[in-house]
Amino acid sequence: VQLVESGGGLVQTGGSLKLSCVVSARPFSNYAKAWFRQAPGKEREFVAAISWSAVRTYYGDSVTGRFTITGDNAKKMVFLEMNALKPEDTATYYCAADRDRTTAPQDLYMEQTYEYWGQGTQVTVSS
């Protein structure tokens with residue numbers, strides 16, 4: 001399984017970016033997908049997840065109401081739309097996938113749940 005992120009860049013405070021992740025898993029729909037981020041000197045932080053069924057989504061407290069995670073089964077992609085960006089959103093953003101369809105919802109917030117990871121894409125928000 002390979003994951004490749006794209007869409008990062010430099011944006012001003014209050015701006016928007018949309019990250020994309022191509023997930024080579026088969027079948028794509030069997031995997032829960034998530035976004036995490038890591039800022040320099042900080043631990044990796046949960047951002048958002050979408051269940052394998054794509055019915056449910058989950059968000060970290062710091063991004064709720066500003067970020068939206070979606071999936072496109074036909075294109076085997078997962079997206080993270082980020083609005084109202086703040087300097088504290090600056091980080092490397094990682095796409096991740098979990099192949100276990102029995103994973104409890106509360107475990108989707110946890111980094112160790114995910115077996116597959118992308119290489120990351122940098123998001124920088126200038127003040």
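Accessible areas here come from the Shrake-Rupley method with a 1.4 Å probe, and for residues only the protein chains shown count as cover. With that in hand, show the surface of the protein chain: the accessible total is about 6,500 Å², and 47% of this belongs to carbon and sulfur atoms.

Before you click further, note that this is a predicted model, in which local features need pLDDT of at least 70 and side-chain atom pairs count only at pLDDT 80 or more, while totals for chains, interfaces and linings use all residues. Residues are numbered from 1 along each chain as its sequence is written, and side-chain values use heavy atoms, with hydrogens and water left out.

**Stop 1: the whole chain**

Switch to a cartoon view. You will find zero helices and eleven strands in the protein chain; helices (H or I, at least four residues) and strands (E, at least two) are DSSP runs, numbered from the N terminus. Along its principal axes, the C-alpha trace spans about 40 × 25 × 25 Å. The radius of gyration, taken over C-alpha atoms, is 13 Å, which agrees with the value near 14 Å that a compact globule of 127 residues would have; the globule rule is 2.2 Å times the number of residues to the power 0.38.

Next, colour by accessibility. Of the 127 residues, 45% count as buried (buried means under 20% relative accessible area, exposed over 50%, partly exposed in between, with a 1.4 Å probe and protein chains only). If you draw a contact map (contact means heavy atoms within 4.5 Å), residues 24 or more positions apart account for 59% of the contacts with a separation of 6 or more.

Now select the charged side chains. There are 13 positive and 13 negative ones, and the centres of the two sets lie 7 Å apart. Lys and Arg count as positive and Asp and Glu as negative, with His and the chain ends not counted; each charge is placed at NZ of Lys, CZ of Arg, CG of Asp or CD of Glu.

**Stop 2: the disulfide**

Select Cys21 and Cys95 and show sticks. A disulfide joins the two, with an S to S distance of 2.2 Å (a disulfide is a pair of cysteine sulfur atoms within 2.5 Å). Cys21 sits in strand β3 (residues 17-23) and Cys95 in strand β9 (residues 91-98), so the pair ties together parts that are 74 residues apart in sequence. The torsion about the S-S bond is about -90°, so this disulfide is left-handed. Both Cys21 and Cys95 are buried.

**Stop 3: Thr90**

Go to Thr90, in the loop between β8 (77-82) and β9. Thr90 counts as partly exposed because its relative accessibility is 22%. Leaving aside neighbours within four places in sequence, Thr90 is in contact with Ala39, Gln122, Val123, Thr124 and Val125. Try a distance label to Val123: the two C-alpha atoms are separated by 5.4 Å, although these positions lie 33 residues apart along the chain as a separation.

**Stop 4: backbone details in the loops**

Select Arg26 and Pro27, whose peptide bond is cis, with omega near -15°. Pro27 lies in the loop between β3 and β4 (32-38).

Move on to Ala54, in the loop between β5 (45-50) and β6 (57-59). Phi of Ala54 is near 65°, a positive value in a residue other than glycine, and Ala54 is partly exposed, with a relative accessible area of 40%.

Finish at Ala84, back in the loop between β8 and β9. Ala84 is not a glycine, yet has a positive phi of about 50°; with a relative accessible area of 38%, Ala84 is partly exposed.
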